[in-house]
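Please take a moment with the sequence and the model shown here before reading on. The paragraphs below go from the whole chain to its sheet, and then to a few single residues.

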Amino acid sequence: MWHELLGTGHGAPCRFAMLFLCLFLSVSSKAQLSMRDVLLSMPDSIFCYVDHEKVLDLVDYWDARMPAQVVNRLDGDTSLDALTADSLAMTISSVQKVQALLLRVENPVDSVGQVVVLFRNYTLSTGQSDQEVACYTADWRPLVAIPPVSASDAERIDRLVNRVDNLLKYDGDMLNKSE
């Protein structure tokens with residue numbers, strides 16, 4: 001069977017290499033990313049106050065188990081408050097906090113099959129809160145809606161959507177700094 005697929009003669013090694021490469025690429029394209037991977041690939045346009053170098057610093061501090069805090073473009077503090085395999089929490093500024101979930105989708109929108117659901121929470125000077133929810137592919141292309149996800153992931157989204165105030169009181173299973 002293999003000899004028919006690969007053939008004989010001088011082109012056989014080349015065809016075998018091409019077959020191996022195709023199999024490798026098809027397997028590797030299904031690899032799941034972590035939130036750390038996605039955060040490190042995030043473009044500056046997502047958090048305009050925090051450039052890519054500062055994000056790299058935040059992740060380095062987090063990995064070293066040091067306080068993950070940097071000075072943002074407005075000369076305020078930005079901190080990485082939680083980072084797990086599929087979620088993160090950041091304080092971008094004194095008025096903006098962000099949570100993100102990295103979720104598998106039932107109908108993949110790209111070869112990775114994961115999306116980032118980003119929750120931006122703003123505390124206004126009046127004490128009121130506002131929230132923005134956006135969805136992106138794992139390589140940060142915007143999506144118009146959140147694709148269908150599992151029931152448990154839909155529940156996680158609902159809990160974050162309904163959690164506009166008291167943002168730092170996370171459930172242990174949602175966003176937790178691992179010790």
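What follows is a walk through a predicted model, from the overall layout down to local detail.

The chain has 179 residues, of which 36% are buried, and its secondary structure comes to 5 helices and 7 strands. Read from the N terminus, the order of elements is α-α-α-α-β-β-β-β-β-β-β-α, a run that can be followed along the sequence while looking at the model. Among the contacts in the chain with a separation of 6 or more, 43% are between residues 24 or more positions apart. The accessible surface of the chain is about 10400 Å², and carbon and sulfur atoms account for 57% of that area.

How are the strands arranged in the sheet? Strands of a sheet pair through backbone hydrogen bonds, and this pairing can be parallel or antiparallel. Here the 7 strands make an open sheet with antiparallel pairing, in the order β1-β2-β3-β4-β5-β6-β7. The edge strands of this sheet are β1 and β7, each of which pairs on one side only.

Two helices can be placed against this sheet. Helix α4, residues 52-63, packs on the sheet and touches β1, β2 and β3, with a direction that makes about 50° with that of β2. Helix α5 also packs on the sheet, where it touches β3, β4, β5 and β6, and its direction makes about 170° with that of β4.

The pairings can now be taken one by one, beginning with strand β4, residues 96-104, which is joined in the antiparallel sense to strand β5, residues 114-123, over 9 bridges. Within this pairing, Gln99 has Phe119 of β5 as its bridge partner. Strand β5 also runs antiparallel to β6, and 9 bridges join the two; here Val116 stands opposite Tyr136 of β6. The hairpin of β5 and β6 has 5 residues between the strands, and in it Gly127 takes a positive phi near 90°. From β6 the sheet continues to β7, and these two strands pair in the antiparallel sense over 2 bridges, with Cys135 standing opposite Leu143 of β7.

Two residues other than glycine deserve a look for their backbone angles, and one of them lies in the hairpin of β6 and β7, which has 4 residues between the strands. This residue is Trp140, whose phi is near 70°, a positive value in a residue other than glycine, and its place is in the loop between β6, residues 129-137, and β7, residues 142-143. Is Trp140 buried or exposed? Trp140 counts as buried because its relative accessible area is 9%, which is under the 20% that sets the limit for buried residues.

The other such residue is Asp75, with a positive phi near 65°, found in the loop between β1, residues 69-71, and β2, residues 77-83. Asp75 is exposed, since its relative accessible area of 68% is over the 50% that marks exposed residues.

On the surface, finally, Val133, Ile146 and Val161 form a nonpolar patch with about 190 Å² of accessible area together. One of its members, Val161, belongs to helix α5, residues 151-161, the helix that packs on the sheet. With a relative accessible area of 31%, Val161 is classed as partly exposed, because that value falls between the 20% and 50% limits.

Notes: Residues numbered from 1 in each chain as written. Predicted model: local features only at pLDDT ≥ 70, side-chain atom pairs only at ≥ 80, totals over all residues. Heavy atoms only, no water. Buried < 20%, exposed > 50% of the residue type's maximum accessible area, 1.4 Å probe, protein only. Patch = residues over 30% accessible without salt bridge, like charges linked within 9 Å, V, L, I, M, F, W, Y side chains within 5 Å. Areas by Shrake-Rupley, 256 points an atom, 1.4 Å probe, with all protein chains shown as cover. Salt bridge = Lys/Arg side-chain N within 4 Å of Asp/Glu carboxyl O. Pairing = 2+ DSSP bridges. Contact = heavy atoms within 4.5 Å. Axes fitted to C-alpha atoms, helices over the stretch in contact; angles between N-to-C directions.
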